[in-house]
Amino acid sequence: MDIPNIGFNHDKSAQAELEILPLSNLYERDIISHDPQMPHRVSFYMIIYIEQGSGKHMVDFTQYSFKPNTLIFLQPDQVHAFDFSKQPTGYVVLFTQTFLDRVHTNMRLPNYTPTYLNQQHTPLLNLNTHSQARVLSAINEMKIEIAHPQSDPLIVMYLFSALALGLHRLRPQLRHDKINPEQSIKLGTFYTLLQSHFLTIRDANWYANKLHTTYKTLNNICKLSTGLTAKQMIDAFTLIEIKRRLVISNITTQKLAYDFGFDDASNFVKYFKKHTGATPSQFQAAHSKAIL
């Protein structure tokens, strides 16, 4: 099956790079070009707020159960699928890296790091009554300001920053306040390099050299930001991409081994099974059936 890549609609947001949609809007298939209940990859950030309803949301081929007052966080390039079987209600907040860069320029905001690479990370956050009221209030205030005839982008950024900082406080296990601005820049550059070279290079020392730093320094930054070593980050990113391609395209093991720079298919199978406990064909069969 083909999994569509969904880009951010810049025109629809009037170039503001942030959009807030009622979750129920996605039930209306005529307003979007893909079925949101089928796996699709997004090129932007998403915060899904479930106000009412329950179900399971698939993120990178793992099913996460949600209930009322649940938040689901998604980062660019992740594959996910909605569950509308019980017609949950709430909001979807979509925003781009450009929007985050603008916010960072004007005010303090927690760094968005690739914590999803750590298997201990969950994209879900369950809110208590007090937190639920504050989150809903922040979303509504952003909606009101976006719809205002004289909407001020700076006010929207302040409201978003307040929401992000509040959510950051509710997820202490993901706080990495020891990272200084210089380390944050190195982490971002490392992640960009990883996105460009993961198919052929999985040597952490190579990435450290490209960053003009030492392996020890890169390792320390990665541990502080994601809880993983640099090598673990590289392997986690690579394995997620392999999984996505296995399910997205029904590609053969031989072709995948070639694409990812392995000498032969057997080494590729050993690498995949070592980290996942299943062969590529077993994983492909199990997840292709699950999402069809």
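**Entry 1: β7 and its partners**

I began at T70, which stands opposite N126 in β10. I noted that strands here are DSSP runs (E, at least two residues), helices are H or I runs of at least four, and numbering goes from the N terminus. The model is predicted, so I kept in mind that local features need pLDDT of at least 70, side-chain atom pairs count only at pLDDT 80 or more, and totals for chains, interfaces and linings use all residues. Residues are numbered from 1 along each chain as its sequence is written, and side-chain values use heavy atoms, with hydrogens and water left out.

β7 and β10 (residues 124–126) run antiparallel, joined by 3 bridges. Pairing, for the record, takes at least two DSSP bridges between two strands. I then looked at β4 (residues 45–52), which runs antiparallel to β7 with 5 bridges between them. There I found Y49 opposite L71 of β7.

Is β7 mostly covered or not? I get 5 of 5 residues buried for residues 70–74, where buried means under 20% relative accessible area, exposed over 50% and partly exposed in between (1.4 Å probe, protein chains only). In a regular strand, side chains alternate between the two faces of the sheet. In β7, T70, I72 and L74 point one way while L71 and F73 point the other, and all are buried.

**Entry 2: the two sheets**

I traced the sheet that holds β7: it is open, has 5 strands in the order β2-β9-β4-β7-β10, and its pairing is antiparallel. β2 (18–22) and β10 are the edges; each has a single partner strand, so one side of each lacks a neighbour in the sheet. I got an average twist of 15° from one strand to the next, with axes as lines fitted to C-alpha atoms (for helices, over the stretch in contact) and angles from 0 to 180 degrees between N-to-C directions. At the β2 end, β2 and β9 (residues 89–95) run antiparallel and share 5 bridges, and L21 has V92 of β9 as its bridge partner.

The other entry I made was for an open sheet of 5 strands ordered β1-β3-β8-β5-β6, with mixed pairing. Its edges are β1 (5–6) and β6 (62–66), each with a single partner strand, so one side of each is left without a neighbour in the sheet. β5 (residues 55–59) and β6 pair in the antiparallel sense over 5 bridges, with M58 opposite Q63 of β6.

**Entry 3: cores**

Which residues touch the most other members of the largest nonpolar core? Of its 36 residues, I listed F190, Y207, L218, I242 and L256. A core here is a set of buried Ala, Val, Leu, Ile, Met, Phe, Trp, Tyr and Cys residues joined through side-chain atoms within 4.5 Å. β8 (79–81), α4 (181–197), α5 (204–210), α6 (215–226), α7 (230–249), α8 (253–259) and α9 (265–276) each give it at least two residues. α7 supplies the largest share, 9 residues.

I pulled up F190: leaving aside neighbours within four places in sequence, it contacts Y207, L211, L218, C222, A230, M233 and I234, a contact being heavy atoms within 4.5 Å. Another core of 27 residues lies apart from the largest one and includes I20, Y49, V103 and L163.

**Entry 4: overall numbers**

I count 10 helices and 10 strands. Of the 292 residues, 51% are buried. Among contacts with a separation of 6 or more, 72% are between residues 24 or more positions apart.
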